[in-house]
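Visitor: I am new to this structure and should like to learn how to read its features. May we go through them one at a time?

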Amino acid sequence: MKEIKVPELAESITEGTIAEWLVNKGDQVEKGDPVLELETDKVNVEVNADTGGVITELLKEAGDDVEVGDVIAKVDETGEASGKEDDSSGEDASEEKTEEKPDEGKQEAKEEKTEDKKEEKEDKKEKSSDDDSKKEDIIATPAARKRARELGIDLSEISARDPYGRVRPEDVDEHANDSSKEEKKQTSSGSSSDKKEKESKEEFSKPVEREKMSRRRQTIAKRLVEVQQESAMLTTFNEVDMTNIMNLRKERKEAFQDKHGVKLGFMSFFTKAAVGALKEFPLLNAEIQGKEVVKKKFYDIGMAVSTDEGLVVPVVRDADRVGFAGIESEIIRLAEMARNKELGLDDLQGGSFTITNGGIFGSMLSTPILNSPQVGILGLHNIEKRPKVMPDDSIEARPMMYIALSYDHRIVDGKEAVQFLRRIKEMIEDPYDLLLEG
């Protein structure tokens with residue numbers, strides 16, 4: 001008999017939740033066949049059978065939490081898959097047996113009942129005789145025995161203070177007081193636990209629906225709270241005039257798509273601008289490890305993608321070495337994989353800075369939360385025409401976007417954060433500067 005265990009997935013993943021069993025008890029599996037889908041903090045992965053054989057036992061159910069190394073199923077290497085014919089033949093045989101000897105079964109049942117009654121009577125007699133002998137062996141004063149009978153206390157439960165072991169009336173009273181105190185403690189602890197349960201599960205007078213959070217949603221909730229508790233997070237804002245970028249995009253988008261097979265979007269411009277600004281302000285491309293600041297010399301930019309199960313942040317690798325077309329293609333690929341639940345752990349690990357675009361949902365302004373252990377995240381928003389005072393003091397309606405930078409104030413000062421965001425504004429408003437710096 002071989003065991004199927006939860007394999008090691010990655011250093012940062014030590015547990016998961018069984019999303020779905022792909023096999024049933026009695027199924028034949030080959031080595032390498034997927035047996036279940038495991039939901040982890042970041043991605044869903046399939047767990048494969050280590051050996052071929054028949055599934056004899058499923059030790060966990062769908063929805064159970066498991067850790068790396070836990071035994072989740074057993075496989076019989078010499079067994080054969082169970083069939084319906086065997087079950088039906090077994091049922092027929094059992095039916096024949098019951099039809100052949102119905103009278104014998106009744107007779108045996110009667111005999112068993114009479115024997116059980118005799119045994120019960122004998123047990124009661126033995127028990128009563130044992131209790132009587134115990135009571136006789138206990139040394140107690142007549143007054144103590146009378147007091148014990150009045151309070152309904154068993155003398156064998158009382159500890160005597162007399163050096164000779166004699167139970168006195170005061171011993172009985174003390175035992176009664178101690179037992180009443182314990183009962184009060186139990187009732188008070190029970191009431192307090194009930195109170196906590198009521199507080200945690202508030203009752204509603206109107207219909208509600210309760211459902212368990214997925215492991216990914218639990219992890220997202222836990223980490224968002226941890227970031228706010230462990231970092232000195234602060235957000236600064238600025239406003240970008242998108243006129244020049246929109247004009248450039250309008251002029252080049254058809255030729256760009258014909259040449260590269262992808263549309264020229266805004267994300268590639270902001271990715272290149274972020275890379276250029278990170279080179280000038282390296283602390284925003286760093287992280288804290290203990291008492292050290294680790295400045296990263298690479299530019300792996302995380303792109304926040306919203307899925308049905310929550311937010312994931314796949315990473316565009318070496319964004320400083322990839323062109324606009326490469327960035328757009330990679331963003332499309334990662335977004336499709338995220339929505340189809342095909343992202344691997346390598347796609348999610350090791351980012352140095354993150355960009356999130358709430359503008360696609362119509363967000364005008366927000367304060368993005370850091371993607372720990374990173375110390376900076378850039379938030380983009382929707383584009384709206386707003387009045388802007390031009391250099392000649394005229395007022396024009398221009399396509400404007402609010403941008404936000406959340407940063408960890410423990411290593412990034414306000415001056416650097418403001419200058420970083422202003423540098424992004426300058427590069428977006430001057431595409432030629434962007435092409436040189438990004």
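Guide: Let us begin with a single residue. Arg147 counts as partly exposed, because its relative accessibility is 31%. This is a predicted model, and each value discussed here is computed from it.

Visitor: Where does Arg147 lie, and which residue does it form a salt bridge with?

Guide: A salt bridge is read from the distance between a side-chain nitrogen of Lys or Arg and a carboxyl oxygen of Asp or Glu, which must be within 4 Å. Arg147 forms such a bridge with Glu150, the closest N and O atoms being 3.4 Å apart. Both residues belong to helix α3 (residues 142–151), where they are three residues apart, about one turn of the helix.

Visitor: How many salt bridges are found in the whole structure?

Guide: The search finds 15. One of them joins Lys388 to Asp241, with 3.2 Å between the closest N and O atoms. Lys388 sits in strand β18 (residues 383–389) and Asp241 in strand β9, so this pair ties together parts that are 147 residues apart in sequence.

Visitor: Are Lys388 and Asp241 buried or exposed?

Guide: A residue is called buried when its relative accessible area is under 20%, and exposed when it is over 50%. Asp241, at 5% relative accessibility, is therefore buried, whereas Lys388 has a relative accessible area of 24% and is partly exposed.

Visitor: Which residues are linked with Asp241 and Lys388 in a network of salt bridges?

Guide: The network links Asp241 and Lys388 with Glu396 and Arg398. Another salt bridge brings together the side chains of Asp300 and Arg317, at 3.4 Å from N to O. Asp300 is in the loop between β11 (292–295) and β12 (301–303), and Arg317 is in the loop between β15 (315–316) and α8, so the pair ties together parts that are 17 residues apart in sequence. Asp300 is buried, with a relative accessible area of 8%, while Arg317 is partly exposed at 30% relative accessibility.

Visitor: Let us turn to the helices. How should the span of helix α8 be read?

Guide: One compares an expected span, at 1.5 Å a residue, with the distance between the end C-alpha atoms. For the 16 residues of α8 (residues 324–339), the expected span is 22 Å and the end C-alpha atoms are 23 Å apart, which agrees. The buried residues of α8 include Phe324, Ile327, Ile331, Leu334 and Met337. Just after α8, Lys341 takes a positive phi of about 60°.

Visitor: How many of the residues of α7 are buried?

Guide: Twelve of its 15 residues are buried, so α7 is largely enclosed by the rest of the structure. Among them are Met267, Phe269, Phe270, Lys272, Val275 and Leu278. As for the span of α7 (residues 266–280), 21 Å is expected and the end C-alpha atoms are 22 Å apart, which agrees.

Visitor: Which residues of α5 are buried, and where do they lie around its axis?

Guide: In α5, Arg215, Arg216, Thr219, Ile220 and Val227 are buried. They cover an arc of only 130° around the axis, which puts them on the same side of α5. The face turned away from that buried side carries the exposed residues Lys222 and Gln229. The cover over the buried residues includes β2 (15–21), β4 (34–39), β5 (44–48), β7 (65–67), β9 (233–241) and β14 (310–312). Helix α5 (residues 215–230) itself has 16 residues and reaches 22 Å from its first C-alpha to its last, close to the 22 Å expected.

Visitor: How do β2 and its partners run, and how many bridges join them?

Guide: In a regular strand the side chains alternate between the two faces of the sheet. Here β2 runs antiparallel to β7, with three bridges joining the two; Glu15 has Glu67 of β7 as its bridge partner. Four bridges join β2 to β4, which also run antiparallel, and Ile18 stands opposite Leu38 in β4.

Visitor: What does the protein chain contain as a whole?

Guide: It has ten helices and 19 strands. Of its 438 residues, 34% are buried. The accessible surface of the chain comes to about 28,000 Å², and carbon and sulfur atoms account for 46% of it. Among contacts with a separation of 6 or more, 62% are between residues 24 or more positions apart.

Key. Residues are numbered from 1 along each chain as its sequence is written. This is a predicted model: local features need pLDDT of at least 70, side-chain atom pairs count only at pLDDT 80 or more; totals for chains, interfaces and linings use all residues. Side-chain values use heavy atoms; hydrogens and water are left out. The expected span of a helix is 1.5 Å times one less than its number of residues. Buried means under 20% relative accessible area, exposed over 50%, partly exposed in between (1.4 Å probe, protein chains only). The arc is that of the directions from the helix axis to the C-beta atoms. Contact means heavy atoms within 4.5 Å. Accessible areas come from the Shrake-Rupley method with a 1.4 Å probe; for residues, only the protein chains shown count as cover. Two strands pair if DSSP finds at least two bridges between them.
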